[in-house]
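The exercises below are meant to be worked with the sequence and the model side by side. Try each task before reading the solution that follows it.

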Amino acid sequence: MAETILGIQYATREQHREAVTLGMWAFLATEVLFFGSLIAAYLNYRIWFGNELIAAARHTKIVLGTANTAILLTSSACMAMAVMTREAGGRRAPVLWLLATAALGLAFVVVKGTEYFLEYQEHLVPALNFDLSHYSGTGEIFFVWYFCATGLHALHLLIGIGMVLWLAMRIGSDRLESPSATRLIGLYWHFVDVVWIFLFPLIYLAGRNG
Amino acid sequence: MTARIIWTCWLALILLLSATTAIAFVPLGSLNLPVALAIGTSKALIVLIFFMELKASSGLIRAAAGAGFFWLLIMVALTGSDYWHRTDQRTQIDTTS
């Protein structure tokens, strides 16, 4: 591992580790509220519109959504393996686990894109081709929310994939200076996973029993 | 953190995913949403505690991690205390006719 120099404000390596972890969690708390407001909006819609909203949610692709959730959960396990092997001082193993993480992240985006394409074909995309004569106005509200929520989540994932690939290149060429970069990017990746864990039941599981 | 813990967590997450998807097809009436959210919360806790290492973190880090979710609960509860109890008729938005 490349030798790293701590900033003068840190007395020990542990203090540095604690400080940067706290900083990352402060950022993640703002992300909780960012995505949380979307989830609060969904709960309002669900209580206001009830069965009309549930009927609209039934048009989402549950097989693709469930497969995508499994892909993202697996990517998080790979990320945890990358952090573990990196903390143990490895170089080759973390790079391979990071590449697996990024590949699974890309797979998620491809599946998500396929869903968007199918929804476009079914005239479910508000502002582009939403078919009000087939689906209700409440359905359009649901799909506006759906594209905002999943689009913002996919954007976060694309940023994560970029960071993971950057990290893999840095570790692979032994040019990584921060001793905490892998753990911090790992925290971000797992957080994006947590967001999806909550989006999944709200989007795909509503109205499947009727 | 060991590889054994990581893959045990992964297995638990996949089993919970299977369970929540299966339960979604069971008619539970208004209970479906709370059950789905409870299983989702369990999955999120596994990720937070083990993958995000809150188990091995100091109290300061845990407090910072919990703060975001705590404020989110305040936001949802106060929003809901208004909107979820309105009894006035909502405006008709269906424009199909």
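**Exercise 1. The make-up of the two chains**

How many helices and how many strands are there in chain B? Establish this, and then describe chain A in the same terms.

*Solution.* Keep in mind throughout that this is a predicted model. Chain B has 3 helices and 0 strands, and its elements, taken from the N terminus on, run α-α-α. Chain A comes to 6 helices and 0 strands, in the pattern α-α-α-α-α-α when read along the sequence. Turning to burial, 39% of the 210 residues in chain A are buried, and for the 97 residues in chain B the share is 23%. The C-alpha atoms of chain A fill a box of roughly 65 × 30 × 30 Å along the principal axes. Of the contacts in chain A between residues at least 6 apart in sequence, 76% join residues at least 24 apart.

**Exercise 2. A helix pair inside chain A**

Determine how helices H5 and H6 of chain A pack, and which classes of residue make up their contact.

*Solution.* Begin with the geometry: H5(A), residues 137–172, and H6(A), residues 181–204, pack at an angle of about 160°, with their axes 10 Å apart. Because angles over 145 degrees count as roughly antiparallel, H5(A) is roughly antiparallel to H6(A). The crossing of these two helices is left-handed. Next, look at the residues that meet: H5(A) contributes, among others, A:Tyr146, A:His153, A:His156 and A:Met163, while the H6(A) side includes A:Tyr188, A:Trp189, A:Val192 and A:Trp196. Sorted by class, the contact has 15 nonpolar, 5 polar and no charged residues.

**Exercise 3. The side of chain B that touches chain A**

Describe which elements of chain B supply the side that touches chain A, and what kinds of residue are found there.

*Solution.* Start with the totals, which are 47 residues of chain B in contact with 41 residues of chain A. H1, helix H2 (32–51) and helix H3 (59–83) of chain B each supply at least two residues of this side of chain B, and H3(B) gives the most, with 14 residues. By class, the side of chain B that touches chain A has 34 nonpolar, 10 polar and 3 charged residues.

**Exercise 4. Two helix pairs across the chains**

Are H3(A) and H1(B) roughly parallel or roughly antiparallel? Carry out the corresponding analysis for H1(A) and H3(B).

*Solution.* For the pair formed by H3(A), residues 62–87, and H1(B), residues 3–24, the axes come within 10 Å and cross at roughly 170°, which means that H3(A) is roughly antiparallel to H1(B). Among the residues that meet are A:Thr66, A:Leu73 and A:Met81 on H3(A), and B:Trp7, B:Trp10 and B:Leu17 on H1(B). This contact has 13 nonpolar, 4 polar and no charged residues.

For the pair formed by H1(A), residues 13–49, and H3(B), the packing angle is about 20° and the axes are 9 Å apart. That makes H1(A) roughly parallel to H3(B), and the crossing is right-handed. The contact of H1(A) with H3(B) has 20 nonpolar, 6 polar and no charged residues.

**Exercise 5. Domains of chain B and a residue outside their bounds**

Find the domains of chain B and the separation of their centres, and then characterise B:Glu53.

*Solution.* Chain B is divided into domain 1 (1–52) and domain 2 (58–85), and 21 Å separate their centres, taken over C-alpha atoms. B:Glu53 is found in the loop between H2 and H3 of chain B, and its phi is positive, about 60°, although it is not a glycine. It counts as partly exposed because it has 18 C-beta neighbours inside 10 Å.

**Exercise 6. Two loop residues of chain A**

Why does A:Ala127 count as exposed? Apply the same reasoning to A:Glu177.

*Solution.* A:Ala127 is in the loop between helix H4 (92–121) and H5 of chain A, and its phi is near 75°, a positive value in a residue other than glycine. It has 9 C-beta neighbours inside 10 Å, and therefore counts as exposed, the cut-off being 12 or fewer.

A:Glu177 lies in the loop between H5 and H6 of chain A, and with 10 C-beta neighbours inside 10 Å this residue also counts as exposed. Although A:Glu177 and A:Leu6 are 171 residues apart along the chain, their C-alpha atoms are separated by 9.9 Å.

Methods
Residues are numbered from 1 along each chain as its sequence is written. Chains are lettered from A and ligands numbered from 1 in the order in which they are written. This is a predicted model: local features need pLDDT of at least 70, side-chain atom pairs count only at pLDDT 80 or more; totals for chains, interfaces and linings use all residues. Helices (H or I, at least four residues) and strands (E, at least two) are DSSP runs, numbered from the N terminus. A residue is buried if 20 or more other C-beta atoms lie within 10 Å of its own, exposed if 12 or fewer, and partly exposed in between; C-beta atoms are placed from the backbone. Axes are lines fitted to C-alpha atoms, for helices over the stretch in contact, and angles run from 0 to 180 degrees between N-to-C directions. Angles under 35 degrees count as roughly parallel, over 145 as roughly antiparallel, 65 to 115 as roughly perpendicular and the rest as oblique. A crossing is left-handed if the near helix is turned anticlockwise from the far one by less than a right angle, and right-handed if clockwise. Two residues are in contact if their C-beta atoms, placed from the backbone, lie within 7 Å. Ala, Val, Leu, Ile, Met, Phe, Trp, Tyr, Cys and Pro count as nonpolar, Asp, Glu, Lys and Arg as charged, and the others, Gly among them, as polar. Domain bounds come from an automatic or database domain assignment.
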